[in-house]
Amino acid sequence: LFRLTMKRLGNFSTSHSSVDSKEMKKFQLLAHKWWDEEGEYSALHSMNDIRVPFIRDALLNMSRNHYLGNPLSGVKILDVGCGGGLLSEPLARLGASVTGIDPLEDNVRTADRHKSFDPVLDKRIQYKSCSLEEIVEESMETFDVIVASEVVEHVADLEMFINCCSQVLKPEGSLFITTINKTQLSYVLGIVVAEKIIGIVPEGTHDWEKFVPPEELERLLESNGFSVKAVNGMLYNPLSGSWSWMESTSINYAMHAVKSGPQGQSSPTDDLSEMESEKRSAAAGTAV
């Protein structure tokens, strides 16, 4: 089934792609500015303070193996739309083996140059200039984790993008997404205030029509064999330049989803819940 799907994808990938050429042009102009912590990407730098622990803790909660100092040792991560490597590097510092992909060659060049200054990162990270669908065939069920941070609001075909994520992820692998909700508040704060008034991001970076409500993203993920584990609201404070978690998902949010395991094979958590329900039935029987 996967191979048939891939053949179909391969047939139209040249004319139909998840990469939006208009979006590429926007980011082309900023490719050399990724590592300027006070520049156009300052909000993404500070987002690491909450998105890296979110990814790390979710993975550690699912794993039985813990390596001191390198908690993500042995974990293969695909960072989709990696830009200059702002998220790839901290994940690699936690011990993960990271492949960062981005359709813009200038972004990959910047990312490659930056990691080359650190021999440890140089070994743990590999960057490629390509789209997600271009690596599907060679990377079927290859990765333990996919991160797509601030990416889905820029893709041309979200359904195709999620489908490709599912194909390159191992069964029971994790997908982490951060993005922007499609609400009136996100339009006011994300575009009017952030772009036009205080200039946190360059004008024209976002298109409100492409913002994705969490309900829609959840529906797409579930129809592609994922189970959503967490949806957390995020808030950026432009005065302090810092991010924090919040209850509401009306502006930014982070989502963690897990791909279902092989058919007919229950996961360890399923086994545990079955044991629990058996215990409860037994206890109920005794009570009667």
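**Group meeting: loops, rings and core of a predicted model**

I will start with Asp207, which sits in the loop between helix 9 and helix 10 (214–223). Helices here are DSSP runs of H or I with at least four residues, strands are runs of E with at least two, and both are numbered from the N terminus. Asp207 is partly exposed, at 32% relative accessible area. The terms are: buried under 20%, exposed over 50%, partly exposed in between, with a 1.4 Å probe and protein chains only.

Some ground rules. This is a predicted model, in which local features need pLDDT of at least 70 and side-chain atom pairs count only at pLDDT 80 or more, while totals for chains, interfaces and linings use all residues. Residues are numbered from 1 along each chain as its sequence is written, and side-chain values use heavy atoms, with hydrogens and water left out.

Back to Asp207. Its C-alpha atom is 9.1 Å from that of Tyr187, and the two residues are 20 apart along the chain. Tyr187 belongs to a nonpolar surface patch with Leu185, Val188 and Leu189, and together they have about 320 Å² of accessible area. Areas are from the Shrake-Rupley method with a 1.4 Å probe, and for residues only the protein chains shown count as cover. Patch members have over 30% relative accessible area and no salt bridge; nonpolar side chains (Val, Leu, Ile, Met, Phe, Trp, Tyr) are joined within 5 Å, like charges within 9 Å. A salt bridge is a side-chain nitrogen of Lys or Arg within 4 Å of a carboxyl oxygen of Asp or Glu. Within the patch, Val188 lies in helix 9 (residues 184–197) and is partly exposed at 41%.

Next, the rings. How many aromatic pairs does a search of the whole structure find? It finds four. Rings of Phe, Tyr and Trp (its six-membered ring) pair if their centres lie within 6.5 Å; planes under 30 degrees apart are stacked, over 60 edge-to-face, and the rest tilted. One of the pairs is Phe54 with Trp245, tilted, at 5.3 Å centre to centre and 50° between the planes. Phe54 is in helix 3 (residues 42–62) and Trp245 in strand 7 (residues 242–246), so this pair ties together parts 191 residues apart in sequence. Phe54 is buried at 13%, whereas Trp245 is partly exposed at 36%. Tyr236 and Trp243 form another tilted pair, 5.0 Å centre to centre with 45° between planes. Both partners are buried: Tyr236 at 17% and Trp243 at 11%.

Phe176 joins Phe54 and Trp245 in one aromatic cluster. Phe176 also appears in the largest nonpolar core, of 37 residues, where Leu72, Ile77, Leu91, Val147 and Phe176 touch the most other members. Such a core is a set of buried Ala, Val, Leu, Ile, Met, Phe, Trp, Tyr and Cys residues joined through side-chain atoms within 4.5 Å. Helix 3 gives the most to this core, nine residues.

Lastly, backbone angles. Which two glutamates have positive phi? Glu150, with phi near 60°, is in the loop between strand 4 and helix 8 (158–168) and is buried at 15%. Glu172, at about 70°, is in strand 5 (residues 169–180) and is partly exposed at 31%.
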